[in-house]
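These entries record what I looked up in one structure, in the order in which I worked.

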Amino acid sequence: MSAQTEQQRLEMPAHPLPVLARNQDVKIFMGAGWAKGKVIRSDFDGCTVRLPQLQKTVRVRDARNILLLSSIHDC
């Protein structure tokens with residue numbers, strides 16, 4: 001994903017949130033900025049992500065607040 005301004009990110013549609021693979025690396029936007037985490041569970045309504053640095057689990061329901069991180073396993 002190319003670099004976007006904050007305004008461009010917020011202009012994107014909030015839904016649909018894609019169903020993500022378990023253990024997928026993602027970045028979640030929170031009030032304090034972006035935090036790295038791993039997907040624990042994902043369904044049509046949202047995505048549950050574990051944030052190890054913050055020692056918490058969050059539920060994301062807005063596609064604008066989640067970014068997929070590329071993996072070395074992606075080909």
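**Entry 1: two loop residues**

I began with Asn23, which is exposed at a relative accessible area of 52%. I noted that the model is a predicted one. Asn23 sits in the loop between helix H1 (6-11) and S1. I then looked up its backbone: phi of Asn23 is near 70 degrees, a positive value in a residue other than glycine. For background I recalled that most residues other than glycine have a negative phi.

I turned next to Gln55, in the loop between S3 and S4. Phi of Gln55 is also positive, near 55 degrees, and this residue is not a glycine. Is Gln55 buried or exposed? I found a relative accessibility of 65%, so Gln55 counts as exposed.

**Entry 2: the chain as a whole**

I listed the secondary structure and obtained one helix and five strands. Along the sequence the pattern reads α-β-β-β-β-β. The chain has 75 residues, of which 28% count as buried. I recorded an exposed area of about 5500 Å² for the chain, with carbon and sulfur atoms supplying 54% of it. I also checked the sequence range of the contacts: among those between residues at least 6 apart in sequence, 42% join residues at least 24 apart.

**Entry 3: the sheet**

In what order do the five strands lie in the sheet? I read the order as S4-S3-S2-S1-S5, in an open sheet with antiparallel pairing. S4 and S5 are the edge strands; each has a single partner strand, so one side of each has no neighbour in the sheet. I noted an average turn of 40 degrees between neighbouring strands, direction ignored.

I then went through two of the pairings. S1 and S2 are antiparallel and share six bridges, and a hairpin of two residues connects S1 to S2. Within this pair I located Ile28 opposite Ala35 in S2, and Lys27 with Lys36 of S2 as its bridge partner. S2 and S3 are likewise antiparallel, over five bridges, and a hairpin through two residues joins S2 to S3. Here Ser42 has Cys47 in S3 as its bridge partner.

**Entry 4: the nonpolar core**

I looked up the largest nonpolar core, which has 13 residues. Which of its members touch the most other members? They are Val26, Ile28, Cys47, Val49 and Ile66. The elements that contribute two or more residues to this core are strand S1 (25-30), S2, strand S3 (46-51) and strand S4 (56-60). S3 gives the largest share, three residues. As background, nonpolar side chains tend to be buried together in soluble globular proteins.

Two of these core residues had already appeared in the sheet: Ile28, opposite Ala35, and Cys47, the bridge partner of Ser42. I followed Val49 further. Leaving out residues up to four places away in sequence, Val49 touches Val26, Ile28, Gly37, Lys38, Val39, Ile40, Lys56, Thr57, Val58 and Ile66. Val26, Ile28 and Ile66 in that list are also among the core members named above.

**Entry 5: two buried aspartates**

I then examined Asp43, which lies in strand S2 (residues 33-43). Why does Asp43 count as buried? Its relative accessible area is 17%, and the class requires a value under 20%. I looked for side-chain partners and found a polar contact of Asp43 with the side chain of Arg41 at 3.5 Å, and another with the side chain of Arg59 at 3.0 Å. With neighbours within four places in sequence set aside, Asp43 is in contact with Val19 and Arg59.

My last residue was Asp62, in the loop between S4 and strand S5 (66-68). Asp62 is also buried, with a relative accessible area of 17%. Which side chain makes a polar contact of 2.8 Å with that of Asp62? I identified Arg64 as this partner. Not counting residues up to four places away in sequence, Asp62 touches Ala14 and Leu17.

I closed by setting these entries side by side: Asn23 and Gln55 are exposed, whereas Asp43 and Asp62 are buried. For the buried pair, I recorded side-chain polar contacts to arginine: Arg41 and Arg59 for Asp43, and Arg64 for Asp62.

Technical notes:
Residues are numbered from 1 along each chain as its sequence is written. This is a predicted model: local features need pLDDT of at least 70, side-chain atom pairs count only at pLDDT 80 or more; totals for chains, interfaces and linings use all residues. Side-chain values use heavy atoms; hydrogens and water are left out. Helices (H or I, at least four residues) and strands (E, at least two) are DSSP runs, numbered from the N terminus. Buried means under 20% relative accessible area, exposed over 50%, partly exposed in between (1.4 Å probe, protein chains only). A polar contact is a pair of N or O atoms within 3.5 Å; within protein, one must be able to donate a hydrogen and the other to accept it, and residues adjacent in sequence count only if both atoms are side-chain atoms. Contact means heavy atoms within 4.5 Å. A nonpolar core is a set of buried Ala, Val, Leu, Ile, Met, Phe, Trp, Tyr and Cys residues joined through side-chain atoms within 4.5 Å. Accessible areas come from the Shrake-Rupley method with a 1.4 Å probe; for residues, only the protein chains shown count as cover. Two strands pair if DSSP finds at least two bridges between them. Axes are lines fitted to C-alpha atoms, for helices over the stretch in contact, and angles run from 0 to 180 degrees between N-to-C directions.
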